[in-house]
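Grab a coffee and open your viewer. Below are a few exercises on one protein, each with a solution worked out in steps.

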Amino acid sequence: DDPACIRVCPVKATYKNEEGTVLVDYDRCIGCRMCTVACPYQVRYFNWYAPEWPPALRAHLNPDPEVAPRYKGVVEKCTFCIQRLRKAKEKAAAEGRPFGATDYVPACVETCTGHARYFGDLDDPNSLVYQLSRSPRAFRLLEEMGTNPKVYYLKQG
């Protein structure tokens, strides 16, 4: 809820959207890497080189045009598949129904074969992630840094 990377970005390329996800505007990023230094989680990475893939690996790239490879000179981080969220909201609107928390999950959650990842509304007392976050096994990384992270982990029971 209070990411240091937003506070240090001199061009406001790092921001938080209405859902609370920390994102990067790659067109605005100047590659100064201040956010990388400020991030206590070490989850940001700088693109030192232009993206290249051997022909045999190109078929494994995300076919979604909203997920174009970022270019040299910008800092990246996980977006929790923000493009999936946009599409889920558009689909709900096209179907004339309200968007629901179960309409969208990031790809890492959907493809986790061990079912070790969950995603949802931490403010909804009826949601599984809310209940898991209240478990005595739940903890957040580096809480003492004052960033109030929204990602929870569960200790083995």
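**Exercise 1. The largest pocket**

How many residues line the largest pocket, and which of them lie nearest its centre?

*Solution.* Some bookkeeping before we start: you're looking at a predicted model, where local features need pLDDT of at least 70, side-chain atom pairs count only at pLDDT 80 or more, and totals for chains, interfaces and linings use all residues. Residues are numbered from 1 along each chain as its sequence is written, and side-chain values use heavy atoms, with hydrogens and water left out.

Step 1: fix the term. On a 1 Å grid over the protein atoms alone, a pocket is an open set of points where a 1.4 Å probe fits, with protein on both sides within 12 Å along at least five of seven lines; a lining residue has an atom within 4 Å of a point.

Step 2: read off the lining. It holds 48 residues, and F80, F119, K150, V151 and Y152 lie nearest the centre.

Step 3: get the volume, meaning the space filled by probe spheres set on grid points that are joined across faces, edges and corners. For this pocket that's about 1800 Å³.

Step 4: sort the lining by class. Ala, Val, Leu, Ile, Met, Phe, Trp, Tyr, Cys and Pro count as nonpolar, Asp, Glu, Lys and Arg as charged, and the others, Gly among them, as polar. The tally is 29 nonpolar, six polar and 13 charged residues.

Step 5: map it to elements, which are DSSP runs numbered from the N terminus (helices: H or I, at least four residues; strands: E, at least two). Those giving at least two lining residues each are α1 (4-8), α3 (82-94), α4 (107-111), α5 (128-133) and β6 (153-154). The largest share, three residues, comes from α5.

**Exercise 2. The runner-up**

Which element gives the most to the lining of the second largest pocket?

*Solution.* Step 1: size it up. The volume is about 590 Å³, and the lining has 26 residues, with Y26, E66, R70, T79 and Q83 nearest the centre.

Step 2: check the elements. Both β2 (22-24) and α3 supply at least two residues, and α3 gives the most, with four.

Step 3: class the lining. You'll find 14 nonpolar, three polar and nine charged residues.

**Exercise 3. Salt bridges**

What does the salt bridge between K87 and D64 tie together?

*Solution.* Step 1: recall that side chains of opposite charge can pair when their charged atoms come close. The rule used here asks for a side-chain nitrogen of Lys or Arg within 4 Å of a carboxyl oxygen of Asp or Glu. By that rule there are eleven salt bridges.

Step 2: look at the pair. K87 and D64 meet at 2.6 Å, N to O. K87 sits in helix α3 and D64 in the loop between β3 (45-46) and β4 (75-76), so the bridge ties together parts 23 residues apart in sequence.

Step 3: add accessibility (buried is under 20% relative accessible area, exposed over 50%, partly exposed in between, with a 1.4 Å probe and protein chains only). K87 is partly exposed at 38%, while D64 is buried at 14%.

Step 4: go back to R70 from the second pocket's lining. R70 bridges to E76, with the closest N and O atoms 2.8 Å apart; R70 is partly exposed at 24%, and E76 is buried at 7%.

Step 5: finish with the network that links D1, K16 and K150.

**Exercise 4. The core around V75**

Is V75 buried or exposed, and which residues is V75 in contact with?

*Solution.* Step 1: place the residue. V75 is in strand β4 and, at 1% relative accessibility, counts as buried.

Step 2: list its contacts (heavy atoms within 4.5 Å). Leaving aside neighbours within four places in sequence, V75 touches V24, Y26, C29, R33, C35, T36, R44, Y45 and F46. V75 and C29 are 46 residues apart in sequence, yet their C-alpha atoms are 7.3 Å apart.

Step 3: widen the view to the nonpolar core, a set of buried Ala, Val, Leu, Ile, Met, Phe, Trp, Tyr and Cys residues joined through side-chain atoms within 4.5 Å. The largest one has eleven residues, including V75, C29, C5 and F46. Apart from it lies another core of five residues, among them L23, L85, A88 and Y104.
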